[in-house]
Amino acid sequence: MSGLGIRIAPPDTPQPLATLKPLEDAQRWDSPFEDDGITPGISVFMNRAAYIRVTVHACSDSVEVGGVLVGQWCTDEETDEQFVIVKHALPARHTRQGSVYLTFTQDSLVDLHDQIEKRFEGERIVGWYHTHPRMGIFLSHYDTWLHNNFFPEPWQVALVVEPYSSLGGFFIRQPDGSLNPNRYFGFYEVDGANGSSIARWQNLLRIEYPNHPKEVE
Ligand SMILES: [Zn+2]
């Protein structure tokens, strides 16, 4: 399927950034599906600026809105596990909006790539987000099509937010590339080293780490 899609990745072969997961500065939020027999191929770290941008955008309209998630694709130097760090969220400007769907256009994506090059050098589109006002957290057939066509990399993720009930979840491909449209995952909230949190998605469960810095004597 993805071979038929329009690839928006730059022509160079992307390589992950080798670094360590920013676990000391993060808090984990689990979804109800975390141990449901499916394994995400990567984990997602999201910083506060991106979380706030998505949340504010999500609450700005009663129809679906969305945009792209910008940051870094990384591989952990110690464990080789892959992860992405979502650093920025950029609302898509030129989307056609309706109550049941949102789409990206080539124009909107070209515009977003330009913005990223100018403002966030060295970063890339690590996924996209959109809202499901008064619906649940899932990927529709159309969402799945859009994800596979515009965000085909194994490490690109789809975030769905329901602003009225304050729900959210990340759709992440499994190591074999498959994507379950009804099983979302949680994320690591970055910038939470002192134990505080701004995440408010009611469907996710906050997990205490055994070796979180605040618990070290
Ligand atoms: Zn959708």
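This is a walk through a predicted model, from the overall fold to the zinc site and then to a few places worth a look.

Let us begin with the chain as a whole. Its secondary structure comes to three helices and ten strands. If you trace the sequence from its start, these elements follow the pattern β-β-β-α-β-β-α-β-α-β-β-β-β. The chain has 217 residues, and 52% of them count as buried. Now consider the contacts between residues at least 6 apart in sequence: 72% of these join residues at least 24 apart.

With that outline in mind, turn to the zinc ion. Its protein donors are NE2 of His130, NE2 of His132 and, twice over, an OD atom of Asp143, at 2.0 to 2.6 Å from the ion. Along the chain, these donors follow the spacing H-x1-H-x10-D. Two of these residues sit in separate elements: His132 belongs to the loop between strand S6 (124–131) and helix H3 (141–150), while Asp143 belongs to helix H3, so the pair ties together parts that are eleven residues apart in sequence.

What is the arrangement of the four donor atoms around the zinc ion? It is irregular, because the angles they subtend run from 54 to 160 degrees, whereas a tetrahedral label would need all angles to lie between 85 and 135 degrees. It is also worth asking whether the donor residues are buried or exposed. His132 has a relative accessibility of 2%, so it counts as buried. Asp143, at 3%, counts as buried too.

Helix H3 deserves a closer look, since Asp143 is one of its buried residues. The others in that set are Thr144, Leu146, His147, Asn149 and Phe150. In an α-helix there are 3.6 residues a turn, so residues three or four places apart point the same way. What do the buried residues of H3 pack against? Their partners are helix H2 (106–119), S6 and strand S7 (157–162).

The loop between S6 and H3 also holds Arg134. Although Arg134 is not a glycine, its phi is positive, at about 60 degrees. With 64% relative accessibility, Arg134 counts as exposed, whereas His132 in that loop is buried. A second residue to check for its backbone is Ser166, found in the loop between S7 and S8. Ser166 is likewise a residue other than glycine with a positive phi, near 60 degrees. Its relative accessible area is 23%, so Ser166 is partly exposed.

Further along, Gln174 lies in the loop between strand S8 (167–171) and strand S9 (187–190). Is Gln174 buried or exposed? Its relative accessible area is 19%, and because the cut-off for buried is under 20%, Gln174 counts as buried. Setting aside neighbours within four places in sequence, Gln174 is in contact with Ile38, Thr39, Gly41 and Asn180.

Our last stop is the second largest pocket, with a volume of about 190 Å³. How many residues line this pocket? There are 15, and those nearest its centre are Lys21, Pro40, Ile42, Ser43 and Tyr188. By class, the lining is made up of six nonpolar, five polar and four charged residues.

Terms used. Residues are numbered from 1 along each chain as its sequence is written. This is a predicted model: local features need pLDDT of at least 70, side-chain atom pairs count only at pLDDT 80 or more; totals for chains, interfaces and linings use all residues. Side-chain values use heavy atoms; hydrogens and water are left out. Donors are N, O and S atoms within 2.8 Å of the metal (3.2 Å for Na, K and Ca); water is not among the atoms, so sites may look incomplete. Four donors count as tetrahedral if all angles lie between 85 and 135 degrees; four count as square planar and six as octahedral if opposite donors are over 155 degrees apart and all others between 65 and 115; anything else is irregular. Helices (H or I, at least four residues) and strands (E, at least two) are DSSP runs, numbered from the N terminus. Buried means under 20% relative accessible area, exposed over 50%, partly exposed in between (1.4 Å probe, protein chains only). Contact means heavy atoms within 4.5 Å. On a 1 Å grid over the protein atoms alone, a cavity is a set of points where a 1.4 Å probe fits but cannot get out, and a pocket is an open set with protein on both sides within 12 Å along at least five of seven lines; lining residues have an atom within 4 Å of a point. Grid points are joined across faces, edges and corners, and a volume is the space filled by probe spheres set on the points. Ala, Val, Leu, Ile, Met, Phe, Trp, Tyr, Cys and Pro count as nonpolar, Asp, Glu, Lys and Arg as charged, and the others, Gly among them, as polar.
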